[in-house]
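Reader: I am new to this structure. Please take me through one part of it closely, and then show me how the rest is put together.

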Amino acid sequence: SRRGLFAFRSDKRNYLLTTCILSNTATSVIFHNHFCSVFARARLGKMHRIRIPEMQIIIAVVFFSTICHSSNIRISSTNVLEVFDGTTWGTVCHDFFDQVDADVACRELGYRLAYFWTIGEVEGSPDAIHLDSVNCNGSETSLLHCQHEGLGVHACDHSEDVGLSCRQEDIRIAEGNLLETFIGPSWGTVCGDHFGQAEADVACRELGYKHAHFWTMGEVEGAPDAINMFTCDGNETSLLQCGHKGVGAHECNHTEDVGLTCYQEDIRILNGNLLEVFDGTTWGTVCDDYFGQFEANVACRELGYKHAHFWTMGEVEGAPDAINMFTCDGNETSLLQCGHKGVGAHECNHTEDVGLTCYQEDIRILNGNLLEVFDGTTWGTVCDDYFGQFEA
């Protein structure tokens, strides 16, 4: 225990402090800062009151011992929001609790996104209810900085307890390219109904990428049970800003789950090595007219590879309608830096679409297991003279 002199200001931010100490009996006093909360069990000495218009300053001599917590709030393993009053943990009543309050709570815990609901009475939760009628303006750094009835003051029962889930992100691409979104207390897949390029683009932009490719992936073992459905106009910065009806509001099953791949580059290799280019508006294939080793090398270097092998792939089901044509000198860092006339400025059809394979290594096996080696300038085959098991 220590002895100290403290002054408390009676304003909205410190409402709890003054109500706690306006008694000459032993009570609990709360001091709060950004780093931890100090809870003091105090025996008040002689109190000196100085009255100033719109302010009351109380000076008291107290004896106290402190307990520090990294936060005044926590979320239990069952998603119950709990608050510490200096002695015990207690729940929060849902009266007037809204998204602003949930956001403040999750930010206090170091998270970016919040989802709340009335969770009701949960086995193992604290007996006490500590907060009711929470009303935050959104700028607070702690839930206890928000207006409320006072610690322990409520007209609730545990059927009204608040549940809270905090996340750093609300979408992710799980193993195998399965798109998942977080709505409510759990992750869910995304239904393919009404899911198009606009929705895919929004999802990939939210994840920090420029471009998106989506498809109906079907049921994946180990995927979440929940299914979500979205409709976007394409300008949203988050998939949860798009129209959605909530978990379960759909007529889908997991055979319709969406798969998603996101790209930072303006070129990609899809559908069995089909080369595609994004011209700023749409994806398109590449015509093989004038397309040679220079063009292939530029494309693979843009994708982060050292070497390229190309061929005329022909028409591929599901390929984009647009066709692009390029002529490079070989020094470009992007295929779009090469000469091109824009989408539609060609005399090609999809039977002339280019296929591309990129390599990081200086050797490759092609054309029915033919061994080839890159000497720094060109690829070449390997003669069988003196080539034996050691070399293989």
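Author: Start with one side chain. A polar atom of the S142 side chain lies 3.2 Å from the backbone nitrogen of L144. This is a predicted model, and every distance here is computed from it. S142 sits in the loop between strand 10 (128-131) and strand 11. S142 counts as buried because its relative accessibility is 1%, and the cut-off for buried is under 20%.

The side chain of S142 has another partner. A polar contact of 3.4 Å joins it to the side chain of E108. E108 belongs to helix 2 (residues 99-108), where it is one of the buried residues. The others in that helix are D101, A102, V104, A105 and C106. So follow the contact from the loop into the helix.

What do the buried residues of helix 2 pack against? They pack against strand 6 (73-75), strand 9 (113-118) and strand 11 (162-167). Strand 11 also marks one end of the loop that holds S142.

Now look at the two ends of helix 2. At its start, a side-chain oxygen of D98 reaches to within 3.1 Å of the backbone nitrogen of V100. After the helix comes G110, with a positive phi near 90°.

Helix 2 also takes part in a nonpolar core. The largest such core has 19 residues. Within it, L81, V92, V134, L143 and L164 have the most contacts. At least two residues of this core come from each of strand 7 (81-84), helix 2 and strand 11. Helix 2 gives the largest share, 4 residues.

Take V134 from that core. Which residues does V134 touch, leaving aside neighbours within four places in sequence? They are V92, D95, F96, F97, D101, L143, C146, Q147 and H148. Two of these, V92 and L143, are also listed among the core residues with the most contacts. Another, D101, is a buried residue of helix 2.

Move on to helix 3 (residues 197-206). Its buried residues are E199, A200, V202, A203, C204 and E206. Strand 12 (171-174), strand 15 (211-216) and strand 17 are among the elements that cover them. Just after helix 3, G208 has a positive phi of about 95°.

Strand 17 leads to the next stop. The loop between strand 16 (226-228) and strand 17 (258-263) contains T255. Is T255 buried or partly exposed? T255 counts as partly exposed, because its relative accessibility is 47%. The side chains of T255 and N253 are joined by a polar contact of 2.2 Å. T255 also reaches residues further off in sequence. Leaving aside neighbours within four places, its contacts are T216, G218 and E219. Of these, G218 is 37 residues away in sequence, yet the two C-alpha atoms are 3.9 Å apart.

Next come the charged pairs. How many salt bridges does the structure hold? It holds 6. Three of the pairs are worth a visit.

Begin with E180 and R172. Their closest N and O atoms are 2.8 Å apart. E180 is buried, because its relative accessible area is 4%. R172 is partly exposed, because its value is 32%. R172 falls in strand 12 (171-174), one of the elements covering helix 3.

Then find E276 and R268. The closest N and O atoms of this salt bridge are 2.9 Å apart. Both residues are buried.

The third pair is R364 and E372. Their side chains meet in a salt bridge of 2.8 Å, N to O. R364 counts as buried because its relative accessible area is 8%. E372 is buried too, because its relative accessible area is 8%.

End at the surface. I363, V373, V382 and F387 form a nonpolar patch there. Together they have about 300 Å² of accessible area. One of them, V382, is in the segment after strand 28 (379-381). V382 is partly exposed, because its relative accessible area is 34%.

To retrace the route, go back to the S142 side chain and its 3.4 Å contact with E108. From there, helix 2 leads into the core, to which it gives 4 residues. The tour closes at the surface patch of I363, V373, V382 and F387.

How values were computed:
Residues numbered from 1 in each chain as written. Predicted model: local features only at pLDDT ≥ 70, side-chain atom pairs only at ≥ 80, totals over all residues. Heavy atoms only, no water. Buried < 20%, exposed > 50% of the residue type's maximum accessible area, 1.4 Å probe, protein only. Contact = heavy atoms within 4.5 Å. Polar contact = N/O pair within 3.5 Å; in protein donor to acceptor, adjacent residues only side chain to side chain. Patch = residues over 30% accessible without salt bridge, like charges linked within 9 Å, V, L, I, M, F, W, Y side chains within 5 Å. Areas by Shrake-Rupley, 256 points an atom, 1.4 Å probe, with all protein chains shown as cover. Salt bridge = Lys/Arg side-chain N within 4 Å of Asp/Glu carboxyl O. Core = buried A, V, L, I, M, F, W, Y, C linked by side-chain atoms within 4.5 Å.
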